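Got the viewer open and the model loaded? Let's take a walk through it, one selection at a time.

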Amino acid sequence: MSSFHKMIAEKVIGGVSVKKHCFLLTRDVQASQRSIALIAEMIHTASLVHDDVIDDASSRRGKRTVNKIWGEKKAVLAGDLILSAASIALARIGNTTVISILTQVIEDLVRGEFLQLGSKENENERFAHYLEKTFKKTASLIANSCKAVSVLGCPDPVVHEIAYQYGKNVGIAFQLIDDVLDFTSCSDQMGKPTSADLKLGLATGPVLFACRQFPEMNAMIMRRFSLPGDVDRARQYVLQSDGVQQTTYLAQQYCHKAIREISKLRPSRERDALIQLSEIVLTRDK
């Protein structure tokens with residue numbers, strides 16, 4: 001997801017300025033908006049460094065992880081350093097509303113990690129738990145970055161909500177497709193091992209949908225695929241089911257919601273670019 005947050009935030013910079021009642025952007029405002037894109041990317045990068053420590057991951061985007069090169073202690077400190085640099089850049093913007101919006105992202109990331117550590121026995125609660133975790137770990141950063149950019153560029157709360165809802169829906173769709181690719185792409189395409197979530201004991205969208213067709217997966221989900229053969233069996237169940245298709249369809253629904261939201265803005269090249277970006281989310285292969 002390296003430059004994805006930055007790309008969205010930069011497109012929103014132009015998009016919010018075309019809504020009726022929004023003021024003309026000054027160079028200072030535009031500079032602050034671009035800082036939001038950089039800050040979002042720093043927060044994201046720091047979270048990946050910390051995630052790799054938690055997951056004991058050995059590769060990320062085809063390269064060795066920081067924790068494998070420097071060890072866990074230095075990796076944690078490296079993530080902290082990136083996060084502190086993001087905090088300094090955020091403080092320099094000097095807008096308390098924007099600071100509040102983006103610090104919410106950091107809280108959501110931590111809460112999302114705690115959600116990932118748990119699981120639910122009830123099938124409906126389990127899927128709601130998965131979507132909440134998906135929002136907090138992925139979509140919150142995109143949603144709140146879009147909102148922060150809109151706050152800097154426009155005084156209209158309606159536009160702020162449009163930006164937030166666009167980012168939220170694109171972010172959830174992005175992660176749903178990521179979870180699909182864990183089953184459909186090869187390691188070389190993904191830049192990390194496939195079936196990684198199963199190996200970590202995580203039941204993502206394709207698994208949860210597959211479980212509806214193969215109830216015997218419930219026991220595997222609850223024990224977090226910890227017994228020998230669980231990961232391979234779960235993968236086979238997913239591929240035999242319509243779990244991948246159902247998750248892809250759900251991602252499409254979220255992208256359609258994102259397009260409906262951003263289409264509320266007046267036509268512009270930036271709005272069209274955001275619509276196109278929503279569509280790219282669904283067709284990516286890595």
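Start with the whole protein chain shown as a surface: the accessible area comes to about 13700 Å², and 53% of that belongs to carbon and sulfur atoms. Keep in mind that this is a predicted model. Switch to cartoon and you'll find 14 helices and 2 strands. Of the 286 residues, 51% count as buried. If you draw contacts between residues at least 6 apart in sequence, 69% of them join residues at least 24 apart.

**Stop one: α4.** Select residues 72-93. At 1.5 Å a residue, these 22 residues should span 32 Å, and the end C-alpha atoms are indeed 32 Å apart. Now show side chains for A75, A78, G79, A86, L90 and I93, which are buried. Look down the axis of α4: these buried residues fall within an arc of 120°, so they line one face of the helix. What covers them? Add α2 (27-55), α3 (66-70), α5 (96-117) and α6 (123-153), which are among the elements doing so. Then flip to the face turned away from the buried side, where K73, K74, L77, L81 and R92 are exposed.

**Stop two: the step into α5.** Just after α4, click on G94, which takes a positive phi of about 75°. Next select N95: at the start of α5, one of its side-chain oxygens reaches to within 3.0 Å of the backbone nitrogen of T97.

**Stop three: α5.** This helix also has 22 residues, and reaches 32 Å from its first C-alpha to its last, close to the 32 Å expected. Its buried residues include V98, I101, L102, V105 and D108, along with E113 and Q116. Viewed down the axis of α5, the buried set falls within an arc of 160°, so it lines one face. That set packs against α2, α4 and α6. On the face turned away, pick out T96, F114 and L117, which are exposed.

**Last stop: the cores.** Which residues have the most contacts inside the largest nonpolar core? Select Y166, V207, M217 and F225; the core has 50 residues in total. Elements giving two or more residues to this core include α6, α10 (205-213), α12 (230-240) and α14 (269-283). Colour α7 separately, as α7 gives the most, with 14 residues. Zoom in on M217: leaving aside neighbours within four places in sequence, M217 is in contact with V207, A210, C211, A234, Y237 and V238. Finish with a second, separate core of 18 residues, which includes I43, I93, V98 and V149.

Key: Residues numbered from 1 in each chain as written. Predicted model: local features only at pLDDT ≥ 70, side-chain atom pairs only at ≥ 80, totals over all residues. Heavy atoms only, no water. Helix = DSSP H or I, 4+ residues; strand = E, 2+ residues; numbered from the N terminus. Expected span 1.5 Å × (residues − 1). Buried < 20%, exposed > 50% of the residue type's maximum accessible area, 1.4 Å probe, protein only. Arc of directions from axis to C-beta. Contact = heavy atoms within 4.5 Å. Areas by Shrake-Rupley, 256 points an atom, 1.4 Å probe, with all protein chains shown as cover. Core = buried A, V, L, I, M, F, W, Y, C linked by side-chain atoms within 4.5 Å. Polar contact = N/O pair within 3.5 Å; in protein donor to acceptor, adjacent residues only side chain to side chain.
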